[in-house]
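Colleague: Could you take a close look at one loop for me, and then show me how it sits in the rest of the model? I would enjoy a walk through it at your own pace.

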Amino acid sequence: MNKPKLKIAVFASGYGSNFEAIAKACQSGEIKAQVVLMVCDKPTARVNSLADELGVERMTFSAKDYASKAEYEAEIVERCKALGVELICLAGYMRLVGETLMEAYEGRMINIHPSLLPSFAGKDAVERAMEWGVKVYGATIHYVDSTLDGGKIIAQQAIPYEGDSIDELMAVIHPLEHQLYIDTIKKLTKQTK
Ligand code: GRF
């Protein structure tokens with residue numbers, strides 16, 4: 001009998017290229033998992049229409065409609081549990097995770113960040129790294145804890161780059177992030193390459 005597919009929720013706030021890569025890899029069968037939910041805190045973000053195009057159920061909310069983080073996270077957890085979500089992948093989700101989500105999914109929630117953590121946690125990581133003149137950039141996937149881009153590292157990939165064009169560098173970092181996320185989910189699901 002076939003093993004049931006791992007159920008994933010992807011959380012995003014913006015463009016959604018990582019969401020797209022993960023969802024398509026699941027739909028094509030490259031990853032033996034299913035993206036059953038996309039959670040977005042920005043109603044106007046591109047990632048919402050992308051979820052609709054890919055036929056992925058979504059929960060789009062505005063934090064300002066809730067009294068507290070605990071309140072909207074309780075709704076997210078309820079939705080995830082109802083769909084049987086086993087792994088949460090944060091991909092450009094621009095909010096710190098609070099206690100409610102942590103209690104429900106600690107150890108089963110991962111994030112991608114465009115730097116070699118623990119260097120350059122937080123916003124504009126690539127821009128800040130370039131201002132420092134770093135010569136090796138990269139991407140990191142880590143478990144989520146309640147700190148900003150903290151949590152134990154699962155996977156990292158380095159990118160040597162000595163130029164000064166953010167656009168040129170981003171054009172390399174994004175596809176690398178997508179592949180790193182796909183490979184990491186495969187490893188976490190014990191699926192070899
Ligand atoms: C990625 O660079 C990711 O590392 C960071 O936010 C960005 C999201 O990009 N956390 P996208 O929305 O997946 O295109």
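Modeller: Let's go straight to the loop between β6 (136–143) and β7 (153–160), which is where Asp149 is found. Please keep in mind that this is a predicted model. The backbone at Asp149 deserves a look: phi is positive there, about 50°, although the residue is not a glycine. Is Asp149 buried or exposed? Its relative accessible area is 16%, and buried means under 20%, so Asp149 counts as buried.

A second loop makes a good companion to this one. Phe120 sits in the loop between β5 and α5, and its phi is near 55°, again a positive value in a residue other than glycine. With a relative accessible area of 18%, Phe120 is buried too. The loop between β5 (109–113) and α5 (125–132) also holds Pro118. Here the peptide bond deserves your attention: the one from Leu117 to Pro118 is cis, with omega near 10°.

Now let me place these loops in the wider fold. The protein has six helices and seven strands, and along the sequence they follow the pattern β-α-β-α-β-α-β-α-β-α-β-β-α. The radius of gyration is 16 Å, close to the 16 Å that the globule rule gives for 193 residues, so the protein is as compact as a globular protein of that length. Along the principal axes, the C-alpha atoms fill a box of roughly 45 × 45 × 30 Å.

At the start of that pattern, strand β1 (residues 6–12) pairs with β2 in the parallel sense, over seven bridges. If you want a spot to inspect in this pairing, try Val10, which stands opposite Met38 in β2. Of the eight residues of strand β2 (residues 33–40), seven are buried, so this strand is largely enclosed by the rest of the structure.

The picture for the whole chain rounds this off. Buried residues make up 49% of the 193 in the protein. Among contacts with a separation of 6 or more, 62% come from residues 24 or more positions apart. As for the outside, the accessible surface comes to about 10000 Å², and carbon and sulfur atoms account for 53% of it. Finally, the charges: there are 22 positive and 26 negative side chains, and the centres of the two sets lie 7 Å apart.

Conventions
Residues are numbered from 1 along each chain as its sequence is written. This is a predicted model: local features need pLDDT of at least 70, side-chain atom pairs count only at pLDDT 80 or more; totals for chains, interfaces and linings use all residues. Side-chain values use heavy atoms; hydrogens and water are left out. Helices (H or I, at least four residues) and strands (E, at least two) are DSSP runs, numbered from the N terminus. The radius of gyration is taken over C-alpha atoms; the globule rule is 2.2 Å times the number of residues to the power 0.38. Buried means under 20% relative accessible area, exposed over 50%, partly exposed in between (1.4 Å probe, protein chains only). Contact means heavy atoms within 4.5 Å. Accessible areas come from the Shrake-Rupley method with a 1.4 Å probe; for residues, only the protein chains shown count as cover. Lys and Arg count as positive and Asp and Glu as negative; His and the chain ends are not counted. The place of a charge is taken as NZ of Lys, CZ of Arg, CG of Asp or CD of Glu. Two strands pair if DSSP finds at least two bridges between them.
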